[in-house]
Amino acid sequence: MNRPALAALVTAAVLVGLLAGLSQLGGGLASLVFSVFLALAVVLAIVGGLRALGWSKDKLREHAWRKEEGRYHAFAGVPLQVEDDGRHVWLGGAGLLRVLGRREPDDVLAARLPGQWRRDAQGRLLLRVDAVVDYLGHMPGRGDPRVQKLRRYLERDVLFPAQERHRRR
């Protein structure tokens, strides 16, 4: 059941309950008008409370995930480590190998991109994303739809936003 239908049912149930209760007391027109206004006030309080609860839930979620906002990247369900150091955007080599379905040492992947890789503080291989995009365009198997989608993903969802951030600085 959708939200507006549920709200209408709750409103109707509250209104019927109030009117039935007041009819048992034997009130006249004044009590009917009073009960209608009371029912509307109750409904407005419930709706306002639900909106405030939804707003506070959104704010709590935003606060909890603020450190991760804009930093999570994944392709085909494989999480990708992406770092932006202000000059270049770097992609984790392990995630790239998993996406491509290859099992080879990091050194082999680094040798394919000479001068465009580095190691982070934990010793993980990081590759410049622009070099990876170029490599994906020239590698054997570049016609594979998965490779083409990965290349387009890196260009559109990783490189372009980073270039815009750098341009705005």
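Let me begin with a definition: a polar contact here is a pair of N or O atoms within 3.5 Å, where, within protein, one must be able to donate a hydrogen and the other to accept it, and where residues adjacent in sequence count only if both atoms are side-chain atoms. What we have on screen is a predicted model, in which local features need pLDDT of at least 70 and side-chain atom pairs count only at pLDDT 80 or more, while totals for chains, interfaces and linings use all residues. Residues are numbered from 1 along each chain as its sequence is written, and side-chain values use heavy atoms, with hydrogens and water left out.

I start with R146, which sits in helix α6; helices (H or I, at least four residues) and strands (E, at least two) are DSSP runs, numbered from the N terminus. The side chain of R146 comes to 2.9 Å from the backbone oxygen of V99. Is R146 buried or exposed? Because its relative accessibility is 37%, R146 counts as partly exposed, given that buried means under 20% relative accessible area, exposed over 50%, and partly exposed in between, with a 1.4 Å probe and protein chains only. Apart from neighbours within four places in sequence, R146 is in contact (heavy atoms within 4.5 Å) with F75, A76 and V99. Of these, A76 is 70 residues away in sequence, yet 9.2 Å away in space from C-alpha to C-alpha. V99 is itself one of the buried residues of α3, alongside G93, G95, L96 and L97, and α3 is followed by G101, whose phi is positive, near 75 degrees.

The second arginine is R128, in strand β6, residues 125-128, and it counts as buried because its relative accessibility is 18%. Its side chain makes a polar contact of 3.5 Å with the side chain of H88, and, neighbours within four places in sequence aside, R128 is in contact with H88, V89, W90 and Q116.

That brings me to the largest nonpolar core, a core being a set of buried Ala, Val, Leu, Ile, Met, Phe, Trp, Tyr and Cys residues joined through side-chain atoms within 4.5 Å. This core has 28 residues, and those with the most contacts inside it are L91, V129, V132 and L154. Among the elements giving two or more residues to this core are β4 (89-92), β6, α5 (129-138) and α6 (145-168), and the largest share, 7 residues, comes from α6. V129, with neighbours within four places in sequence left aside, is in contact with V89, W90, L91, L154, V158 and L159.
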